[in-house]
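Subject: Structure handover

Hello,

The structure is placed below for you to open. My notes on it follow.

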Amino acid sequence: MENLQDTKNWIDERLLYIAQNCNLQDADNKRAVESLKTALKCVEKVENELDAKSNNGLEIPDFSDDKIMNIRAHPGTKVKVTEQTAKNGYPGDQEAVKKWLEIGKVYTVAYTVVGQSHTSVVLQELPKRSFNSVNFVEIGKE
């Protein structure tokens, strides 16, 4: 939002400069003023659309605690894949879910490996495979 405000300020400064220093009867100056006013309306429209959404324009679902997996889940934590979480992650993550896991089936976490932008989950039922944590919801502990 700061960049939008900076843009609005820049446009306002240009409009003020033209009003104070230029002949507003000149056709070029009139076109410049109209262009700046149109640009300002566009910026304000974008700003209003972003304001209408939460989180600076990102639509983030409201997950309650039971809808996500703790990336630092302890061994024995029970997780499952849902219809929604099967769609999460990269295409390779989604393909692994389709190939190796069943939607709705309960699995047991063996361990997790937390990375900078990705957490791998190894399940007791499939110890030689790892999956993306975004494909699971936590449902409890052993």
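How many salt bridges does the structure hold? It holds two, where a salt bridge is a side-chain nitrogen of Lys or Arg within 4 Å of a carboxyl oxygen of Asp or Glu. Before the details, please note that this is a predicted model, in which local features need pLDDT of at least 70 and side-chain atom pairs count only at pLDDT 80 or more, while totals for chains, interfaces and linings use all residues. Residues are numbered from 1 along each chain as its sequence is written, and side-chain values use heavy atoms, with hydrogens and water left out.

Salt bridges

One salt bridge links the side chains of Glu13 and Arg14, at 3.3 Å from N to O. Arg14 is partly exposed, with a relative accessible area of 31%; buried means under 20%, exposed over 50%, and partly exposed in between (1.4 Å probe, protein chains only). Another joins Arg31 to Asp28, with the closest N and O atoms 2.2 Å apart. Because Arg31 and Asp28 are three residues apart in helix H2 (residues 27-52), about one helical turn separates them. Helices (H or I, at least four residues) and strands (E, at least two) are DSSP runs, numbered from the N terminus. Asp28 is partly exposed, at 49% relative accessibility.

A buried charge

Asp93 is found in helix H3 (residues 91-100). Asp93 is buried but has no salt bridge, and the nearest side chain of opposite charge, Arg129, is 12 Å away. Here Lys and Arg count as positive and Asp and Glu as negative, while His and the chain ends are not counted. Not counting residues up to four places away in sequence, Asp93 touches Asn88, His118, Asn132 and Asn135; contact means heavy atoms within 4.5 Å.

Strands

In strand S1 (residues 77-80) the side chains alternate: Thr77 and Val79 point to one face and are buried, whereas Lys78 and Lys80 point to the other and are not. S1 and strand S2 (residues 106-114) run antiparallel and are joined by three bridges; two strands pair if DSSP finds at least two bridges between them. Opposite Lys78 in S2 stands Thr108.

Nonpolar cores

A nonpolar core is a set of buried Ala, Val, Leu, Ile, Met, Phe, Trp, Tyr and Cys residues joined through side-chain atoms within 4.5 Å. The largest has 14 residues, of which Met69, Val79, Leu101, Leu123 and Phe136 touch the most other members. S2, strand S3 (119-123) and strand S4 (126-132) each give two or more residues to this core. Apart from it lies another core, of eight residues, including Ile11 and Val43.

Regards
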